[in-house]
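Reader: I've got this model open and I'd like a close look at a single part of it, the first helix and whatever surrounds it. Could you walk me through that, and keep it informal?

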Amino acid sequence: MINAPVLHFDNLSSGSNPALELLTVAETARFLTISRSGVRRLQQARQLPFIKVGGSIRFAKRDLIAYVAKRRVEALDT
């Protein structure tokens, strides 16, 4: 089994661009440092955008980066 992430189909001729990588549930869990079931809960609640590829679910790395950025809580000035 190959562990390389799936690349978005329209990026194949332009070289490797990490922003267009499609990740599996397991890869997404590692990226977000949460459990696989946590990823599934976020996906089922439609809090994480996802792509259906056949019968599989994939997550665009750029969407995960945006998800994390939206949840950033700034420090209070003291």
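**Helix H1 and its surroundings**

Author: Let's start with what H1 leans on: its buried residues pack against strand S2 (21-23), H2, strand S4 (56-60) and H3. Keep in mind that this is a predicted model. The residues of H1 that are buried are Val-25, Ala-26, Glu-27, Thr-28, Ala-29 and Leu-32. That makes six of the eight residues of H1, so the helix is largely enclosed by the rest of the structure. For the chain as a whole, buried residues make up 29% of the 78 residues.

It helps to place H1 in the overall layout. The chain has three helices and four strands, and from the N terminus on they run β-β-α-α-β-β-α. Contacts across the sequence matter for the picture too: among contacts with a separation of 6 or more, 42% are between residues 24 or more positions apart.

How far can you trust the coordinates? The average pLDDT of the chain is 85, and 74% of the residues score at least 70. Over residues 10-14, though, the pLDDT is below 50, and that stretch has four contacts in the model beyond near neighbours in sequence.

Now for the packing of H1 on H3. Two packed helices are described by the angle between their axes and the distance between the axes. Here, H1 (residues 25-32) and H3 (residues 61-70) pack at an angle of about 35 degrees, and their axes are 11 Å apart. The crossing of these two helices is right-handed. On the H1 side, the residues that take part are Thr-28, Phe-31 and Leu-32, and they meet Lys-61, Leu-64, Ile-65 and Val-68 in H3. Sorted by class, this contact of H1 with H3 has five nonpolar residues, one polar and one charged. Two of the H1 residues in that contact, Thr-28 and Leu-32, also turn up among the buried residues of the helix.

Next, the exit from H1. Just after the helix, Thr-33 takes a positive phi of about 50 degrees, and Thr-33 is a residue other than glycine. Thr-33 sits in the loop between H1 and H2. With a relative accessible area of 67%, Thr-33 is exposed, because anything over 50% counts as exposed.

Ile-34 shares that setting, as its place is in the loop between H1 and H2. Its relative accessible area is 35%, so Ile-34 is partly exposed. Leaving aside neighbours within four places in sequence, Ile-34 is in contact with Ala-29, Val-39 and Leu-42. One of those partners, Ala-29, is a buried residue of H1, so you can follow a link from the loop straight back to the helix.

On to H2, which is one of the elements that the buried residues of H1 pack against. Gln-43 lies in this helix, which covers residues 36-44. Is Gln-43 buried or exposed? At 8% relative accessibility, Gln-43 counts as buried. Once its neighbours within four places in sequence are set aside, Gln-43 is in contact with Leu-48, Phe-50, Ile-57 and Phe-59.

After H2 there's another positive phi to look at. Arg-46 has a phi near 60 degrees, and Arg-46 too is a residue other than glycine. Its place is in the loop between H2 and strand S3 (51-53). Arg-46 is exposed, with a relative accessible area of 60%.

S2 is on the list of elements packed against H1 as well, and Leu-23 lies in that strand. Leu-23 is buried, with a relative accessible area of 6%. From Leu-23 to Ile-51 the C-alpha distance is 9.8 Å, although the two are 28 residues apart in sequence.

Finally, if you're checking charges while you have the model open, the structure holds one salt bridge. The partners are Glu-74 and Arg-72, and their closest N and O atoms are 2.9 Å apart. Glu-74 is exposed, with a relative accessible area of 55%, and Arg-72 is exposed as well, at 61%.

Technical notes
Residues numbered from 1 in each chain as written. Predicted model: local features only at pLDDT ≥ 70, side-chain atom pairs only at ≥ 80, totals over all residues. Heavy atoms only, no water. Salt bridge = Lys/Arg side-chain N within 4 Å of Asp/Glu carboxyl O. Buried < 20%, exposed > 50% of the residue type's maximum accessible area, 1.4 Å probe, protein only. pLDDT = per-residue confidence, 0-100. Contact = heavy atoms within 4.5 Å. Axes fitted to C-alpha atoms, helices over the stretch in contact; angles between N-to-C directions. Left-handed = near helix turned anticlockwise from the far one by under 90°. Nonpolar A, V, L, I, M, F, W, Y, C, P; charged D, E, K, R; others polar.
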